[in-house]
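Biologist: Could you take a close look at one part of this model for me, the aromatic side chains and whatever surrounds them? I'd like it as one connected story.

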Amino acid sequence: MIKTMFQHAKKHPGLIPQFFFMTLGITGAALYLIRLARGPHVTLWNKNNNPEPWSKLDPTYQYKFVAINTDYKNLKKEGPDF
């Protein structure tokens with residue numbers, strides 16, 4: 001198959017960028033699938049030394065995307081006062 005690609009590329013040099021970008025896309029997709037297959041990469045659990053990693057978090061640490069019961073009036077502002 002690769003031999004055929006080289007033969008076509010010699011006859012039609014305009015195909016070289018297409019072969020390059022197709023190879024790049026296929027390689028990227030394969031690497032992404034391998035990354036997904038390896039499991040979650042965000043949380044690394046060490047059950048021997050730290051069986052409950054959430055107990056070491058500060059109570060003010062915001063680890064949720066949406067907090068429903070948050071009182072936004074008492075939060076600190078991070079910008080200029082208007």
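Modeller: A search of the whole structure turns up 1 aromatic pair. Phe20 and Phe21 make that pair edge-to-face, because their ring centres are 5.1 Å apart and their planes sit at 70°. For the cut-offs, rings of Phe, Tyr and Trp (its six-membered ring) pair if their centres lie within 6.5 Å, and planes under 30 degrees apart count as stacked, over 60 as edge-to-face and the rest as tilted.

Keep in mind that this is a predicted model, where local features need pLDDT of at least 70, side-chain atom pairs count only at pLDDT 80 or more, and totals for chains, interfaces and linings use all residues. Residues are numbered from 1 along each chain as its sequence is written, and side-chain values use heavy atoms, with hydrogens and water left out.

Back to the rings: Phe21 is exposed, at 55% relative accessible area (buried is under 20%, exposed over 50%, partly exposed in between, with a 1.4 Å probe and protein chains only). Phe20 and Phe21 also join Leu24 in a nonpolar surface patch of about 350 Å². Patches take residues with over 30% relative accessible area and no salt bridge (a side-chain nitrogen of Lys or Arg within 4 Å of a carboxyl oxygen of Asp or Glu), joining like charges within 9 Å and nonpolar side chains (Val, Leu, Ile, Met, Phe, Trp, Tyr) within 5 Å. The areas come from the Shrake-Rupley method with a 1.4 Å probe, and for residues only the protein chains shown count as cover.

Leu24 belongs to helix H2, residues 16–37. Helices (H or I, at least four residues) and strands (E, at least two) are DSSP runs, numbered from the N terminus. An unreviewed UniProt entry lists residues 15–34 as "transmembrane region". In the model, that span is 95% helix and 0% strand, with its end C-alpha atoms 28 Å apart.

As for the whole chain, it has 2 helices and 0 strands, and 1% of its 82 residues count as buried.

Technical notes:
UniProt positions renumbered as here; feature names shortened; annotations may be inferred.
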